[in-house]
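Hi everyone, thanks for coming along. I'd like to walk you through one structure today, slowly and one piece at a time. Please have a look at it first.

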Amino acid sequence: MRTRRPLVWLALLTLVVLAGVSAVAFQDDTFKPLKPGDPGQETLPATPLVFVAYAFVWTLLLGYVFLLWRKLGRVERELAEVNARLRTGPRTP
Amino acid sequence: MTRVVPFLLVIAALMFMRAPFMIDAAPYESTMGLVQKIFYFHVPAAITTFLSVFVCGIASAIFLVRRKRMADHVAVAAAELAVLFGLMVIVTGPLWARKAWGVWWTWGDARLVMTFVMWMVFVAYLLLRKFGGPGSEVLAAAAGIFGMVLVPFVYWSVNYWRTVHPSTDVIRTLPPEMSSVLSWCIYSFFVLYAALLLLRTQLESHRASLDEAFLALED
């Protein structure tokens, strides 16, 4: 169960990013008539693209640091347990 | 090692917290406008990817020649970080390209395709380590060296081939108000990279110690 958690987090992160990217992508895929007097230069707003880019980097970094810290803690605990068992010696039947 | 990592992480966090304010204050680029500000994380992520690829390649070479376990641990850590930072480059690039070039991705651009191929080499490295079984560390080390050899081709691809991606001259010719922000972001990424590399190498060393301890317990 524990080994699946990082995969679940990774899947969630991927979904969030895909949702963000597709929201930006589909936003531009509709045909809209140009209104009279509209200069029509800013057809695709840059703000969502910049927001998704920075949010992705921050989320990826924070998620990675969190997962790495947890994995390290778990391995250190297991190592301490095994070393303690080695010090006490094998169990007698 | 354990004392240095939290210190580096705090420094990196403080630098990353200041970065958005500096990026916000940086001037807009005249033709691309706001979307060009993706540059301040895209380029440092790319430079950190190159750094990580070099670390992995050199550590892999040391492992192949001297068979030092620590070199192998560093190589694994660097390969994983190359994939992590490379993913940032591959995701932030198309977001910028959509606005600047009108497309998310173009297979006709040498820089884009070569970066993707290099990233895939390190994904292959990690898959090899995870599922390759005994002896996969030697094959993976060869893949790490191969990945490092790709770096000059990726870097100079924009200067030698016809491409829509900006050339390497862009960084050199940046005005001071833009280059200072970029430098800050590059240093932030470097500090974070150092912390993550130490932490990930430590994890790999502990895993190896754990395997040895389990074997000793079985004996």
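Here is something to look for: at which residue does α1(B) bend, and by about how many degrees? Before I answer, please keep in mind that what you see is a predicted model.

Now, the answer. The bend is at B:A19, and its angle is about 25°. Look a little further on and you will find a proline, B:P20, which follows within four residues. Let's also check the length of this helix. Helix α1 of chain B covers residues 4-25, which is 22 residues, and at 1.5 Å a residue it should span 32 Å. Its end C-alpha atoms are 32 Å apart, so the expected span and the model agree.

Which residues of α1(B) are buried? They are B:A12, B:F16 and B:A19. Notice that B:A19 is also where the helix bends. Part of the cover over these buried residues comes from α7 of chain B.

Let's step back and take in chain B as a whole. It has 7 helices and 0 strands, so the pattern along the sequence reads α-α-α-α-α-α-α. Its C-alpha trace spans about 70 × 40 × 25 Å along the principal axes. Of the 219 residues in chain B, 39% are buried. Here is one more number for this chain. Take the contacts between residues at least 6 apart in sequence: 75% of them join residues at least 24 apart.

Next, a small oddity. Most residues other than glycine have a negative phi. B:R67, however, has a positive phi of about 55°, and it is not a glycine. Where does B:R67 sit? You will find it in the loop between α2 and α3 of chain B. Is B:R67 buried or exposed? It has 11 C-beta neighbours inside 10 Å, and 12 or fewer counts as exposed, so B:R67 is exposed.

Over to the partner, chain A. Here we have 2 helices and 0 strands, and buried residues make up 12% of the 93 residues. One residue to find is A:P48, a proline placed in helix α2 of chain A. A:P48 has 17 C-beta neighbours inside 10 Å and therefore counts as partly exposed. If you go from A:P48 to A:R87, 39 residues apart along the chain, their C-alpha atoms are separated by 58 Å.

Finally, let's see how the two chains meet. The contact takes 25 residues from chain A and 28 residues from chain B. On the chain B side, α2, α3 and α7 each supply at least two residues. Which of them gives the most? That is α7(B), with 13 residues. By class, the chain B side divides into 18 nonpolar, 5 polar and 5 charged residues.

One pair of helices lets us look at this in detail. Helix α2 of chain A and helix α3 of chain B pack with their axes 9 Å apart, at an angle of about 175°. An angle over 145 degrees counts as roughly antiparallel, so that is what we call α2(A) and α3(B). Among the residues that meet here are A:F56 and A:Y64 from α2(A), and B:M88 and B:R98 from α3(B). This contact has 13 nonpolar, 1 polar and 2 charged residues.

That's my tour, and I'm happy to take your questions.

Key. Residues are numbered from 1 along each chain as its sequence is written. Chains are lettered from A and ligands numbered from 1 in the order in which they are written. This is a predicted model: local features need pLDDT of at least 70, side-chain atom pairs count only at pLDDT 80 or more; totals for chains, interfaces and linings use all residues. Axes are lines fitted to C-alpha atoms, for helices over the stretch in contact, and angles run from 0 to 180 degrees between N-to-C directions. Angles under 35 degrees count as roughly parallel, over 145 as roughly antiparallel, 65 to 115 as roughly perpendicular and the rest as oblique. Two residues are in contact if their C-beta atoms, placed from the backbone, lie within 7 Å. Ala, Val, Leu, Ile, Met, Phe, Trp, Tyr, Cys and Pro count as nonpolar, Asp, Glu, Lys and Arg as charged, and the others, Gly among them, as polar. A residue is buried if 20 or more other C-beta atoms lie within 10 Å of its own, exposed if 12 or fewer, and partly exposed in between; C-beta atoms are placed from the backbone. The expected span of a helix is 1.5 Å times one less than its number of residues. The bend at a residue is the angle between axes fitted to the seven residues ending there and the seven starting there.
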